[in-house]
Amino acid sequence: DGPPFAEERWVFGAPACASAYRAELIRDCGGFDAAMEAYLEDVDLSLRAQAFGFPCLYVPSARVVHRGSATYGWGSGSGRAERLHARNRLRLFARSMPRSALRAGAPALAVSVAADLAFRVARGDHPVPVLRGTIEGVQGLKAAAAGRPAALGARRVDDAWIGDILRDSEARLLELADGPSSGSRRARVALARALMAWVDRRERAQARPRW
């Protein structure tokens with residue numbers, strides 16, 4: 001909240017609890033991935049929408065009342081929410097991430113997944129459900145990749161366009177992460193910055209012509 005967020009702006013995507021979708025978007029992109037059930041399904045749809053040329057507009061005058069995690073209980077209970085999140089981040093990457101970003105980002109994703117699990121073990125924050133979800137995600141990679149033609153086969157923008165959108169989104173997320181935070185949060189932000197820089201270097205190396 002505050003002045004920096006008081007103007008309309010184009011963004012990567014929006015949470016499903018605070019979105020209005022055009023019928024054309026749902027028709028062309030296929031709507032939510034039902035196999036994800038919950039968590040990151042809106043990020044997945046936002047990524048496919050961008051690939052199909054549907055931008056997302058942030059409207060600061062809109063107001064939404066949403067009770068977060070009322071159904072799945074993120075941060076409490078059985079860890080079902082954490083398991084789904086861990087599984088779905090791998091499915092999203094395998095099914096809907098454009099090929100150039102997939103090649104450049106796969107090693108960083110593996111490091112991020114391992115670091116997240118280590119952090120949860122250290123904190124006692126649902127490490128077993130997250131490990132279960134990660135294993136389920138790995139087991140489902142082949143099936144998720146098989147869905148790439150349906151998810152991205154008719155996309156209308158190129159990899160460079162998607163890369164610019166993802167980098168801008170990363171920058172906006174880091175703006176939010178730079179506020180007051182605990183030591184563990186600062187460590188996670190530092191890791192995110194390092195992984196972003198690593199992916200950027202890999203993207204530049206892949207873009208160079210090979211003789």
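**A predicted model in questions**

Q: Is Arg27 buried or exposed?
A: Residues count from 1 along each chain as its sequence is written. Arg27 sits in helix α1; helices are DSSP runs of H or I, at least four residues, numbered from the N terminus. Buried means under 20% relative accessible area, exposed over 50%, and partly exposed in between, with a 1.4 Å probe and protein chains only. At a relative accessible area of 60%, Arg27 is exposed.

Q: Where in the chain is confidence highest?
A: This is a predicted model: local features need pLDDT of at least 70, side-chain atom pairs count only at pLDDT 80 or more, and totals for chains, interfaces and linings use all residues. pLDDT is the predictor's confidence in each residue, from 0 to 100. The chain has a mean pLDDT of 90. Confidence is lowest in α8, at a mean of 87, and highest, at 97, in helix α5.

Q: Which helix gives the most to the largest nonpolar core?
A: A nonpolar core is a set of buried Ala, Val, Leu, Ile, Met, Phe, Trp, Tyr and Cys residues joined through side-chain atoms within 4.5 Å. The largest has 23 residues, and Leu25 is among those with the most contacts inside it. Six helices, including α1 (23-29) and α3 (80-96), each supply at least two residues of this core. With four residues, the top giver is α2.

Q: Which residues does Leu25 touch, not counting those up to four places away in sequence?
A: Contact means heavy atoms within 4.5 Å. By that rule, Leu25 touches Gly30, Leu45, Ala49 and Phe54.

Note on methods: Side-chain values use heavy atoms; hydrogens and water are left out.
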